[in-house]
Protein chains: 2
Amino acid sequence: METSQNKNTKWHDVITPTDLINHWQGHRALTRRAIEAFPEEALFNHTIGGMRPFSEMLMELLGIGGPGIKEIATGISSPLNEHFEHGNKKTKILDLWDEATDEINTYWVQIEPEQFQKNIKIFGQYEGTVYSSIFYFIDNEIHHRGQGYVYLRSLGIEPPAFYER
Amino acid sequence: METSQNKNTKWHDVITPTDLINHWQGHRALTRRAIEAFPEEALFNHTIGGMRPFSEMLMELLGIGGPGIKEIATGISSPLNEHFEHGNKKTKILDLWDEATDEINTYWVQIEPEQFQKNIKIFGQYEGTVYSSIFYFIDNEIHHRGQGYVYLRSLGIEPPAFYER
């Protein structure tokens, strides 16, 4: 018979660290396909309503994802950097994206399971828990990619299927 | 001294069920502010690149969120319904949104912790785990709200701050 103590010590994950990185990398693969779908010039120039070109949104995502996970894993804080050399080349953006994918995977496995609920001040300025910071990284990518989808549609280009990861 | 057995049975949440509903409801409050930011006519008519008006995207989100959580909590499957009476009124959309907020909160607490990792075929057709289904609901809302932000910007309207929940 199960005692109430046993019941209390029985634990169930909503999502494991491995589930979460797989979920995010699925999103990152979709974002990569969205980058590929852009004509090179439009990636760096096309805008709507005074917003940034999609390449500039990607600079923000590149500044957050890899460096953010590195900071969580190592405890070493760096200021936010959203500038990367790309020379207006789509292939360079894709290379930067792939490097970030590797950096995220490398440092992800160094995050201890007990860290996710701990407090952090990421990039020396944003306060929250480790999990809420990581969710912000993912949500922010989904948000800006959704905007990139409108840019693509406005160019007459069909974006990659949202549900394929 | 901690034995290796103790270590193995020590468990750490990435995110708890309560964290996750708070995270989602924070997003849902932001989506509500995005709805409020639309001029009534634009909410139902404004489009870019042949996409749906924001109101139609909201019909999809209303069809998924409340009914999806109800199905997960009760085990009773219903086909996806993305049509709700709104009479082209913004106040009606906001009322539907608030009803969905209550429905999600009501059924969320009926989901058992051990369910999140279990398999489900949501709306009788989408196979995945319970957690991956819920993450899809949230991600899909962020994706479409990001598109709504471009609609707002294209109308010369500043969207609500993304980081405020």
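**Aromatic pairs and cores in a predicted model**

User: How do you know that A:Phe135 counts as buried?

Analyst: A:Phe135 has 4% relative accessibility, so it counts as buried; the cut-off is under 20% relative accessible area, with exposed over 50% and partly exposed in between (1.4 Å probe, protein chains only). A:Tyr131 is buried too, at 11%. Bear in mind that this is a predicted model, where local features need pLDDT of at least 70 and side-chain atom pairs count only at pLDDT 80 or more. Side-chain values use heavy atoms, with hydrogens and water left out.

User: Why is the pair A:Tyr131 and A:Phe135 called edge-to-face?

Analyst: Rings of Phe, Tyr and Trp (its six-membered ring) pair if their centres lie within 6.5 Å; planes under 30 degrees apart are stacked, over 60 edge-to-face, the rest tilted. Here the centres are 5.9 Å apart and the planes sit at 90 degrees, so edge-to-face it is.

User: And what makes B:Phe38 and B:Phe54 a stacked pair?

Analyst: Their planes are at 10 degrees and their centres 5.0 Å apart, so the pair is stacked. B:Phe38 is in the loop between α2 (17-37) and α3 (40-45) of chain B and B:Phe54 in helix α4 (residues 54-74) of chain B, so the pair ties together parts 16 residues apart in sequence. Both residues are buried.

User: What puts the charged end of A:Arg165 over the ring of A:Phe162?

Analyst: The test wants NZ of Lys or CZ of Arg within 6 Å of the ring centre and within 35 degrees of the ring normal. A:Arg165 sits over that ring, 4.7 Å from its centre, and B:Arg165 lies over the face of B:Phe162 at 4.8 Å.

How values were computed: Residues are numbered from 1 along each chain as its sequence is written. Chains are lettered from A and ligands numbered from 1 in the order in which they are written. Helices (H or I, at least four residues) and strands (E, at least two) are DSSP runs, numbered from the N terminus.
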